[in-house]
Amino acid sequence: MDLKECRVLVTPTSFGASDPRLRLELEARVGEVVYNHTGRPLKAAELRELIPAVDGFIAGLDEISGEVIEAARRLKVIARYGVGVDNMDMPAARQRGILVTNTPGANSRAVAELTVGLILALARHIPQASLETKAGGWPRLAGFSLEGKTVGVYGLGAIGRQVARRLAGFDCTILAYDVAGDRDFAAVHGVILCSPAELLEKSDFVSLHCPVLPETRGLVNAAFLERMKPGAFLVNTARGELVMKTTCWQRY
C-alpha cells in the first residue's frame with residue numbers, strides 16, 4: 001500500500017506536543033492526518049463516525065469497542081500511543097486482522113518522575129502551602145523527610161523499576177510487590193520484594209504501578225485501605241480503574 005494514499009487518525013492530544021517533528025514527519029509520509037481537537041479521549045460513538053475512512057489509527061485512551069472495530073472497514077493498524085490496551089476490544093481487533101502495537105517503556109521515566117514529585121508534594125505539603133500562600137497567608141507547615149520512611153511500589157514493571165531507581169537517592173526503604181518479581185533488579189537496587197499484605201502494612205507511601213486486568217480492576221477497595229499503615233499515602237499514576245471509588249471514599 002502506498003502510504004501517500006493512507007489516511008491516519010490521531011487522537012492523543014499529547015502527540016507531538018513536546019516534539020512537533022512527530023506531526024511533521026507523519027504528515028510528510030501519509031496522505032492525510034485527522035487530529036482530535038476535543039482535548040479529551042474519544043467515546044465509541046465519536047470513533048464510529050471517524051474510523052470507517054481511516055487506514056491507520058494512533059490511539060490514546062479512547063473507547064475502542066467492538067462496535068468501533070466492526071466499523072473500521074479500511075483499518076490496518078492501531079498504534080497505541082502509550083502502554084495500556086485496556087480500553088480496546090483486543091479479540092475484535094484480532095478477529096478483523098488489525099495489527100495492534102503499543103509503546104512499552106516510552107513514558108516510564110516521565111511517569112516515574114511524576115510519581116516521585118507527588119510523593120514529595122505529599123511529604124512537604126506543597127499543594128496546601130501553595131494554595132494558602134496564593135490566598136495571602138504564609139503558612140508554617142510541618143513536612144517530613146523521606147529519609148527513613150518506607151515506600152511500597154505495587155507493581156515492579158518498567159515504570160515501577162524507574163520509580164525505585166529514583167527513590168534510592170532519598171535513603172528510604174523500598175518495598176515492592178509484583179506477580180513476577182525481578183529478583184536480579186531488586187538485589188542490584190536495594191529493593192525488598194514482599195507480599196501485598198506486608199507492603200501495605202509497612203509502607204508510608206503506596207505507589208500503584210500495575211495494569212488494569214480482571215484481577216486488578218477495583219484493587220484498591222475498603223479492605224485494601226484497611227490494610228494500609230495508619231496515616232499512609234496512596235499515589236496512583238497508573239489507571240483510575242484500579243481504585244474502587246464508591247467504596248474507598250466512604251472511609252475518608
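What is the volume of the largest pocket? In this predicted model, the largest pocket has a volume of about 1,300 Å³. Its lining is made up of 49 residues. Those lying nearest the pocket centre are Val-83, Gly-84, Ile-159, Ala-238 and Arg-239. Two elements, α5 (108-123) and α7 (158-167), each give two or more residues to this lining.

Now let us step back to the protein as a whole. The chain folds into eleven helices and ten strands. Here are some overall values to keep at hand:

| Feature of the protein | Value |
|---|---|
| Box filled by the C-alpha atoms, along the principal axes | roughly 60 × 45 × 40 Å |
| Share of the 252 residues that count as buried | 38% |
| Exposed area | about 14,000 Å² |
| Share of the exposed area from carbon and sulfur atoms | 55% |

How do parts of the chain that are far apart in sequence meet? Among contacts with a separation of 6 or more, 53% come from residues 24 or more positions apart. As for charges, the protein carries 30 positive and 28 negative ones, and the mean positions of these two groups are 2 Å apart.

Finally, here is a single residue to look up in the structure. Ser-65 sits in the loop between β3 (56-59) and α3 (66-71). Is Ser-65 buried or exposed? Ser-65 counts as buried because its relative accessibility is 14%, and the cut-off for buried is under 20%. Leaving aside residues up to four places away in sequence, Ser-65 touches Ala-44 and Asp-89.

How values were computed
Residues numbered from 1 in each chain as written. Predicted model: local features only at pLDDT ≥ 70, side-chain atom pairs only at ≥ 80, totals over all residues. Heavy atoms only, no water. Helix = DSSP H or I, 4+ residues; strand = E, 2+ residues; numbered from the N terminus. Buried < 20%, exposed > 50% of the residue type's maximum accessible area, 1.4 Å probe, protein only. Contact = heavy atoms within 4.5 Å. Areas by Shrake-Rupley, 256 points an atom, 1.4 Å probe, with all protein chains shown as cover. Lys, Arg positive; Asp, Glu negative; His and termini not counted. Charge placed at Lys NZ, Arg CZ, Asp CG, Glu CD. 1 Å grid on protein atoms, 1.4 Å probe; cavity = no way out; pocket = protein on both sides within 12 Å on 5 of 7 lines; lining within 4 Å. Points joined across faces, edges and corners; volume = space filled by probe spheres on them.
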